[in-house]
Amino acid sequence: MKIKTLPDPEWLVEGALIDNSLSFIVGAPGTGKSFIALSLGLSIASTQDEFWGRSITKSGAVIYI
């Protein structure tokens, strides 16, 4: 399958997180990565409409590792 024939990604969180994907948050120690990840996960799991002004298209279970 060619990349050009793949459908456009569907956003789970508009402009920040793609649905059905593996995502990483990277950065220097002490920059708030855990806070962002937990806040994002809790927003999705608790059926919020937005995450810091970005619309959330679906809600559901979240796995935080």
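This section describes aromatic pairs, a nonpolar surface patch and two loop residues in a predicted model.

Two aromatic pairs are present in the structure. In one of them, the ring centres of Phe35 and Trp52 are 6.1 Å apart and the ring planes meet at 35°, so this pair is classed as tilted. Phe35 belongs to helix 1, while Trp52 sits in the loop between strand 3 and strand 4 (54–55); with these positions 17 residues apart, the pair links distant parts of the chain. Phe35 and Trp52 are both exposed. In the other pair, the ring centres of Phe51 and Trp52 lie 5.2 Å apart with the planes at 5°, and the pair therefore counts as stacked. The tilted and stacked classes are separated by the plane angle, since planes under 30 degrees apart count as stacked. Through these ring pairs, Phe35, Phe51 and Trp52 are linked into a cluster. The cluster includes residues of opposite exposure: Phe51 has a relative accessibility of 7% and is therefore buried, whereas Trp52 has 59% and is therefore exposed.

A further aromatic residue, Phe24, is placed in the loop between strand 2 (17–18) and helix 1 (33–45). Its relative accessibility is 67%, so Phe24 is classed as exposed. Together with Leu22 and Val26, Phe24 makes a nonpolar surface patch of about 430 Å².

Asp19 is also located in the loop between strand 2 and helix 1. In contrast to Phe24, which is exposed, Asp19 is buried, because its relative accessible area of 14% falls under the 20% cut-off. When residues up to four places away in sequence are not counted, Asp19 touches Glu10, Trp11, Leu12 and Lys58.

The loop between helix 1 and strand 3 (50–51) contains Ser46. With a relative accessibility of 37%, Ser46 is partly exposed, because this value lies between the limits of 20% for buried and 50% for exposed residues. A polar atom of the Ser46 side chain is located 2.6 Å from the backbone oxygen of Leu42. The C-alpha atom of Ser46 is separated by 9.9 Å from that of Val62, a residue 16 positions apart from Ser46 along the chain.

Technical notes
Residues are numbered from 1 along each chain as its sequence is written. This is a predicted model: local features need pLDDT of at least 70, side-chain atom pairs count only at pLDDT 80 or more; totals for chains, interfaces and linings use all residues. Side-chain values use heavy atoms; hydrogens and water are left out. Patches are made of residues with over 30% relative accessible area and no salt bridge: like charges are joined within 9 Å, nonpolar side chains (Val, Leu, Ile, Met, Phe, Trp, Tyr) within 5 Å. Accessible areas come from the Shrake-Rupley method with a 1.4 Å probe; for residues, only the protein chains shown count as cover. A salt bridge is a side-chain nitrogen of Lys or Arg within 4 Å of a carboxyl oxygen of Asp or Glu. Helices (H or I, at least four residues) and strands (E, at least two) are DSSP runs, numbered from the N terminus. Buried means under 20% relative accessible area, exposed over 50%, partly exposed in between (1.4 Å probe, protein chains only). Contact means heavy atoms within 4.5 Å. A polar contact is a pair of N or O atoms within 3.5 Å; within protein, one must be able to donate a hydrogen and the other to accept it, and residues adjacent in sequence count only if both atoms are side-chain atoms. Rings of Phe, Tyr and Trp (its six-membered ring) pair if their centres lie within 6.5 Å; planes under 30 degrees apart count as stacked, over 60 as edge-to-face and the rest as tilted.
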